[in-house]
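Biologist: Could you take a close look at one small sheet in this model, and then follow its surroundings outward to the partner chain?

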Amino acid sequence: MDRFAWTNGLLEMNETLVIQQRGVKLYDGDDKAKLDVGVVLLTTHRLIWRDHKNHECCIALSLSQIIYFEEQAAGIGKSAKIVIHLYPVTANKEPGPYQQSKFPYIKLSFKEHGQIEFFRRLTEEMTQKRWETPVPQTISTATGSQTRAVGIVGIERKIEQKRKETEQNISEVRTRGNSSLVVSFKAKEMVELSRSIANKIKDKHGDITEDETIRFKSYLLSMGIANPVTRETHGSGTNYHMQLAKQLGDMLLAPLEERGGMMALTEVYCLVNRARGMELLSPEDLVNACKMFESMQLPLRLRVFDSGVMVVQLQSHSEEEMIASALDNVTDKGSLTSEEFAKLLGLSVLLSKERLLLAEKMGHLCRDDSVEGLRFYPNLF
Amino acid sequence: MSFEWPWQYNFPPFFTLQPNVDTRQKQLAAWCSLALAYCRHHKLYTLDVMESQESPVFNNKKIERKLSTEAIQVVFEELRKKGNLDWLDKNKSRCLVMWRRPEEWGKLIYQWVSKVGMINSVFTLYELSNGDDTEGEEFHGLEEWILLRSFKGVKFF
């Protein structure tokens, strides 16, 4: 009961009455409070109690002081109650009927019923927390909105304000181009670091400390952003991808020939990044660059199989030839599994399976699926 | 005369339901004719799905391949669509196999009846299927239920 403070009962600005109920007796914990029966009023901000005879005797506590509350069913000779558990009293609390209390909870005893509706409304208010909505400024002052900061509510409002301000520094919401929303997070620290590394790389081309690189790369990984360094030096977007595509076109010709004209994109990724050493490619950049092969008239193509496997193949690579030769191989050996086929051709198992599946799709092969594994036969049907 | 297995029977892929649609059609057609031929040869009129899994038709022990239950169901469904099979129960566990469709039987019987000049005379079903006169005819020994069905499409008095 020591959480209550004397009040004149007048509602503040933006505070509205939600429900009131007469015939309510207050309890300090389990003991009856030294107050008479009265009216309890629930507002959007506070819980107010007023003596039914003496209207000057009016006390209130903020809803923000409520931790939780529960119903206590009526018994024989006992009215239904609502038990309200409260936070500890704050230092700057205004004087009230009780200086101290050994109980962290109070009870509202509904002698004339009405507890069900009251409980429902209290639940609503506690969920909505309408007292937290910042009060709009009516008087323009230099510093933010200032209204009567009453106890905990005021402190909470200030904290909320500060949080909003700091957030502004960290995030920016920008609209780019035609209504596409991009949220970019500018972590100050990260930007500083990336700038210093970018400069170092530009100057010394690779003489960064191991530590910095690792830190930087881990930031990037956690944010999912592609390497901004190379983008800065070579531009971002399609221009960058075009340059990259050209580079790949040169780099991949020899390996492709070696592997029979086709390589899985994962193989390409490993090969390219191993060769690059420092300015590693992200998978997205690789895919986007590969997509440009055709438009740039390069002798390479990016191809996606039905299963989703992506490969880079020489333009001169003819699928019909491949399938015809696959059929020959299978007929020759009677039947083949993808592993056997891979070994025969020096292809990766993944690619050999794709080829066999394609031949099956075209009707040249049929399958034998058993406990021994998946085998392909020439289609004799 | 022992049953002659078709070449597909010893071709392992025959026992795997083919994903390629065209290949599958050919495969199923082969299975249908094999199943019907087998039933005809052994004069089988009913099949139990569980039992047929172990039957040599769907299970080639020599090449260690057998049709899966799903595939067997697909073959049976194919036969049903063609009119060669009828389910005996709702759970699709037993079926009637008509390696000759009832209409075909009807026609055969009618042909024999007219051949022996017996049109307009009365026959009992028993006489038709088991009578001395019909010995040697294909429909001799035909089970009653299929005799009954064969009459549906044919004009009999």
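Modeller: A good place to begin is W87(B), which stands opposite C95(B) in strand β5(B), where strands are DSSP runs of E with at least two residues and helices are runs of H or I with at least four, both numbered from the N terminus. This is a predicted model, in which local features need pLDDT of at least 70 and side-chain atom pairs count only at pLDDT 80 or more, whereas totals for chains, interfaces and linings use all residues. Residues are numbered from 1 along each chain as its sequence is written, chains are lettered from A and ligands numbered from 1 in the order in which they are written, and side-chain values use heavy atoms, with hydrogens and water left out.

C95(B) also has L47(B) standing opposite, with β5(B) as the strand that holds the cysteine. The strand β5 (residues 94-97) of chain B runs antiparallel to β1(B), to which 3 bridges join it, and it pairs with β4(B), also in the antiparallel sense, over 3 bridges; two strands count as paired if DSSP finds at least two bridges between them. Together the 3 strands make an open antiparallel sheet in the order β1-β5-β4 (chain B). Because β1 (46-48) and β4 (85-87) of chain B stand at the edges with a single partner strand each, one side of each has no neighbour in the sheet. From one strand to the next, the twist averages 30°. In the hairpin of β4(B) and β5(B), 6 residues lie between the strands, and K92(B) takes a positive phi near 60° there. Across β1, β4 and β5 of chain B lies helix α3 (residues 69-82) of chain B, which runs at about 110° to β4(B); here contact means heavy atoms within 4.5 Å, while axes are lines fitted to C-alpha atoms, for helices over the stretch in contact, and angles run from 0 to 180 degrees between N-to-C directions.

Beyond this sheet, chain B meets chain A, with 15 residues of chain B in contact with 15 residues of chain A. The two chains bury about 1300 Å² between them, 62% of it on carbon and sulfur atoms, the buried area being the accessible area (1.4 Å probe) that two parts lose on being put together, summed over both. There are 2 salt bridges between chain B and chain A, each defined as a side-chain nitrogen of Lys or Arg within 4 Å of a carboxyl oxygen of Asp or Glu. In a salt bridge, the side chain of R65(B) meets that of D368(A) at 2.8 Å, N to O. Helix α1 (residues 21-41) of chain B supplies 3 residues, the largest share of the side of chain B that touches chain A. That side of chain B has 6 nonpolar, 6 polar and 3 charged residues, where Ala, Val, Leu, Ile, Met, Phe, Trp, Tyr, Cys and Pro count as nonpolar, Asp, Glu, Lys and Arg as charged, and the others, Gly among them, as polar.

On the side of chain A there is another sheet to consider. Here 3 strands form an open antiparallel sheet in the order β15-β17-β16 (chain A). Since β15 (336-337) and β16 (365-370) of chain A stand at the edges, each with a single partner strand, one side of each is left without a neighbour in the sheet. A hairpin through 2 residues joins β16(A) to β17(A), and 6 bridges connect β16(A) with the antiparallel strand β17 (residues 373-378) of chain A. Among the partners in β17(A), F376(A) is bridged to R367(A). Helix α9 (residues 319-333) of chain A packs on this sheet, touching β15, β16 and β17 of chain A, and its direction makes about 100° with that of β17(A). Helix α11 (residues 349-361) of chain A likewise packs on the sheet and touches β15, β16 and β17 of chain A, its direction making about 115° with that of β16(A). R375(A) in β17(A) is the bridge partner of T337(A), and R375(A) also forms a salt bridge with E340(A), their closest N and O atoms being 2.9 Å apart.
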